[in-house]
Amino acid sequence: MVLSQTKMDLDFRLLFPEEFIKQILDEGYREDGRSHNQTRSTTLTVGSFKSADGSAVVRIGGTCVACGVKGELANPRAISPKDGFIVLNVEYSLVTGSEKLGAIGGGEKFFSSQSLTQIIQDIIHSSKFINLEHLCIEEGKICWSLNVDVVVLSCDGPVIDACVLAAVSALKNATLPSVEIESEKPLVSMATRNHLKTGQYPLMTSFAIHKKEVSDTNIGVLVDPTDDEAQYCTGIVCIAVTNDQKLTGLYKYGGPAMTSDDIQKCIRKAKKQATILVKLIDNTMK
Amino acid sequence: MADFEYLSPEGLRSDGRRPQELRVLSCNISHCLQADGSAYLQQGNTRVIATVYGPHDVSRRSEAQHDKAFINCQFSMATFSTSERKKRPTGDKSCLETSLALKKTFEAAILTDTYPHSKIDIFVQILQSDGSDKAVSINAITMALIDAGIPMKDYVCATSVTLINDTPIVDLNYFEERGPGPELIVGTLPKSGKIVFLQVNSRLHIDNMEKVLKEGMNGNQRVHTILDTLIKKHLEKSILT
Amino acid sequence: MNRSRASAISNCEKEFTLEAIQERKRLDGRSVYDYRQVFIKPSPVTHGNVLVTIGETRVQACVGCEVVVPRPQRPTDGLLYFNVLPSPMAAPNYDIGKSSLTMRVERLLDRCFKESRSLDTESLCIIAGQKVWSIRVDIHILNDSGNITDCCVMASFCALKHCRRPYVTVSGEHATIHPVSEREPVPLNIHHTPICITFGFLSEGNYLLVDPSIEEEKVLTGHLYIVMNIHREICTMQLEGVALQHEEVVKCTKIAMTKVNELNKSINKYMGIRTNAKNMDEDGQSILTNVLKETTLQIDNIQTAANVQEDRKNGKDIIQEVQEDVYEIMYPMEEEPPVTEEEEPPKTKPRDKDTDEEEEVTVTLTKDDITGLTSIETGLTSNTGEQTSVNRNSNKETSGTRGRKRRKRK
């Protein structure tokens with residue numbers, strides 16, 4: 001959706017996209033008609049890939065992310081014999097055309113695939129979403145290793161929100177077969193499948209920050225930026241909040257300095273967004 | 001597998017289809033606005049996304065050709081697409097080989113001399129693999145190229161065929177692909193009936209080849225009708241909105 | 001191949017080649033369906049080492065066997081790897097390392113041998129889940145003068161056929177791998193002979209060539225690779241870069257069938273495979289005897305070629321060539337073959353006698369090499385019905401045997 005439909009505006013947008021965005025944002029408007037506080041509509045589908053043990057596809061505006069969870073049997077590490085593994089991997093699919101940016105695994109302005117992998121892995125582990133001890137089958141001998149693969153299919157702005165939501169939904173949707181130990185060998189029975197025991201889960205909201213001029217005191221904060229808006233903005237703030245409204249992660253990369261009031265505003269917004277997403281997940285899981 | 005019946009005595013396959021019956025084909029065109037052309041194709045349980053970028057400038061001088069466009073095709077499979085987790089989504093030998101084969105196919109189908117000194121990027125991602133990956137990829141790429149408005153000689157429609165109990169079976173699923181019979185993947189330009197993609201795996205007796213090839217081409221004609229209808233519907237929708 | 005260094009072809013060369021092909025003429029005088037001269041040389045010393053030349057294209061394949069732990073998903077399957085190594089001396093546009101060409105050839109080889117079950121990987125199993133054979137075929141491209149694919153496939157097949165792996169005895173959970181000195185090594189289990197035929201297409205599939213040479217490859221628009229065996233089965237087929245009618249494809253398969261039969265005959269000739277004879281190794285002969293047999297067959301063929309080619313100046317060139325060829329692996333290239341005083345192991349003498357009669361090759365009559373050369377020379381240039389004598393032990397000159405064999409001269 002473009003704000004203005006006149007031909008001249010469209011031509012100007014085609015010829016000078018950066019200037020167009022700058023002028024719109026400086027006036028306080030957004031290209032698709034949202035307010036600076038509004039997020040795009042989110043769609044969530046779970047369990048669509050039968051080849052994976054658990055899957056989810058998230059669509060936020062033009063961003064589309066798919067996630068698949070596959071379980072494998074592994075030997076636990078000697079230092080933590082009671083723990084299983086959750087191995088997360090995020091990659092930008094070739095179809096996004098993002099390999100032109102040169103990062104291995106693709107990337108966009110703020111996040112390359114490696115940095116996304118690291119951030120989301122940290123959040124999932126630190127929020128104690130899944131207790132690794134529940135993944136253990138026999139202490140010191142056999143445990144589950146969950147491979148969570150997030151694939152970004154189309155990228156319209158920082159995709160970290162969509163990736164976290166997809167990973168969380170896929171893990172909630174995942175079912176693993178039951179395993180019994182029979183004379184030192186694991187016996188997997190594909191007939192029974194159990195859901196994973198999940199605790200509180202993290203949900204991410206990202207904000208792009210920009211300043212009209214260096215001397216300006218006010219900072220413009222845009223919730224859920226699109227690709228064009230992100231290109232214009234110099235920094236990004238990502239806030240992870242659990243489903244029971246506790247702050248579990250705060251990341252700020254680049255951009256102008258923010259006051260604690262600005263940060264508090266963002267946190268409040270993130271909490272509101274989290275309640276909406278919780279409802280979405282609950283509706284989808286039914 | 002001796003106990004797995006590929007073709008029942010009544011002439012039905014394991015998923016209840018007749019030997020020449022194709023799987024249900026559905027397509028979503030232009031879903032990705034960043035790309036010049038995109039298509040999401042679902043044939044049975046095989047799901048493929050194809051995107052096309054171009055024609056645009058070449059990224060390396062060595063790619064520039066004075067008389068035609070340079071086609072770059074890359075094929076990848078999501079790690080969760082197969083029942084056994086695929087460790088390397090792209091870059092392994094079979095993906096590279098498929099990328100090269102697809103590139104050569106579309107070099108023959110696209111009118112490359114209309115865009116000299118430029119590059120057309122084609123990217124394919126398999127999201128779920130249930131047999132006939134290459135054939136479904138070719139169909140998806142055709143739709144994406146049409147969506148991008150790149151001039152082509154004709155649609156490129158592809159199907160996979162095998163021979164079980166002397167009956168050619170079209171549009172294979174995962175089990176039929178790994179079955180005892182030979183596998184033939186054929187891609188054609190439907191109007192002229194010319195073959196642009198042909199790959200035979202496993203042993204196919206020369207006497208059976210003509211029969212199997214003919215069935216494949218009939219299958220392609222049916223795919224062409226479906227794809228054509230889908231494109232026209234999409235066009236109507238996009239003109240009205 | 002590295003595009004930026006691809007040797008460019010001038011417009012006149014291109015037009016000339018195209019026009020010639022349109023008139024059904026080829027630059028080297030062949031007909032459209034003819035193959036260039038095929039020559040296969042299995043190594044006389046190492047099993048599994050074969051050099052194949054098609055015209056000027058040379059490819060060397062070496063097979064190595066190793067005992068490894070099988071993959072967990074396939075505990076009863078052995079492993080088979082193909083590794084194509086282009087050498088920069090092969091063509092100006094070749095780089096060390098993998099390229100799309102090597103990858104394409106490797107995948108074709110995978111499909112020919114593994115997926116069409118030409119080499120049964122289950123026969124490579126020693127103890128299920130613990131020990132299997134891992135066969136690794138290294139293919140070195142020494143010279144690329146067109147049609148690398150056919151050459152590589154032929155070389156791999158010949159090398160696998162020529163390869164001998166150590167004999168293994170399995171008792172319960174324990175396997176003993178016998179060294180070559182204890183037990184004769186056994187050949188690999190190969191079910192059928194995949195042979196690749198490359199068709200090149202020009203201008204939208206209107207013109208067809210078999211076995212394109214390097215100049216022709218530069219103007220070709222598309223290729224069709226058909227790999228078939230003598231049982232009339234297509235092991236794999238691949239079409240790229242051109243749009244063909246299905247009747248044309250069927251026609252190509254029929255042409256491929258005839259070509260496969262021809263090439264199969266060449267392979268059998270050079271590899272010493274006789275359809276009614278027993279397997280060489282099962283006779284319990286030593287490797288040395290096998291070596292001698294193989295070199296004889298090669299020399300036979302060179303001889304017949306020499307008889308046919310009337311524009312050869314003198315027989316001396318041919319013999320020197322032959323001797324040099326055979327020597328090149330064991331000794332450095334020399335003007336004259338060295339004189340050695342080693343004796344042949346006595347136990348093999350009686351066998352030589354028998355096989356001599358079978359093959360109708362009598363052995364030399366002269367005392368030392370120089371005179372030996374002269375007498376052979378006379379034999380060839382006279383070209384009478386006389387049985388031409390060739391020194392069977394061309395890589396080991398023996399004075400002892402010479403005396404004996406003099407009596408056998410016909």
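## Close-up views of a predicted model

**View 1. Ala166(A) and the residues around it.** Leaving aside residues up to four places away in sequence, Ala166(A) touches Ala56(A), Val58(A), Val65(A), Ala66(A), Cys67(A) and Val150(A). Keep in mind as you look that this is a predicted model.

**View 2. The largest nonpolar core.** Let's step back from Ala166(A) to the core it belongs to: the largest nonpolar core, with 215 residues. Which residues have the most contacts inside it? They are Val65(A), Cys163(A), Ala166(A), Ala167(A) and Ala155(C). You met Val65(A) a moment ago, as one of the residues that Ala166(A) touches. In soluble globular proteins, nonpolar side chains tend to be buried together.

**View 3. Helix α6 of chain A.** This helix runs over residues 260-285 and has 26 residues. From its first C-alpha to its last it reaches 37 Å, close to the 38 Å expected at 1.5 Å a residue. Which residues of α6(A) are buried? Look for Cys266(A), Ala270(A), Gln273(A), Ala274(A), Leu277(A) and Ile281(A). An α-helix has 3.6 residues a turn, so residues three or four places apart point the same way. The buried residues of α6(A) pack against several elements of chain A: the strands β1 (42-46), β9 (202-210), β10 (220-223) and β11 (235-242), together with the helix α4 (160-173).

**View 4. Where chain A meets chain B.** Here, 22 residues of chain A are in contact with 25 residues of chain B. On the chain A side, β3 (63-74) and β6 (142-154) each supply at least two of the touching residues. The largest share comes from β6(A), with five residues. What kinds of residue make up this side of chain A? Eight are nonpolar, eight are polar and six are charged.

**View 5. The two domains of chain A.** The domain assignment splits chain A into domain 1 (1-33) and domain 2 (34-285). Their centres, taken over C-alpha atoms, are 31 Å apart. Where the domains meet, ten residues of domain 1 are in contact with ten residues of domain 2. On the domain 1 side, the touching residues comprise six charged, three nonpolar and one polar.

**View 6. Two annotated spans of chain B.** An unreviewed UniProt entry lists residues 21-151 and 154-218 of chain B under "domain: Exoribonuclease phosphorolytic". Residues 21-151 are 25% helix and 33% strand, and their end C-alpha atoms lie 30 Å apart. In residues 154-218, helix accounts for 26% and strand for 45%, with 16 Å between the end C-alpha atoms.

Key:
Residues numbered from 1 in each chain as written. Chains lettered and ligands numbered in written order. Predicted model: local features only at pLDDT ≥ 70, side-chain atom pairs only at ≥ 80, totals over all residues. Domains from an automatic or database assignment. Contact = placed C-beta atoms within 7 Å. Nonpolar A, V, L, I, M, F, W, Y, C, P; charged D, E, K, R; others polar. Helix = DSSP H or I, 4+ residues; strand = E, 2+ residues; numbered from the N terminus. Core = buried A, V, L, I, M, F, W, Y, C linked by C-beta atoms within 7 Å. Buried ≥ 20, exposed ≤ 12 C-beta atoms within 10 Å, placed from the backbone. UniProt positions renumbered as here; feature names shortened; annotations may be inferred. Expected span 1.5 Å × (residues − 1).
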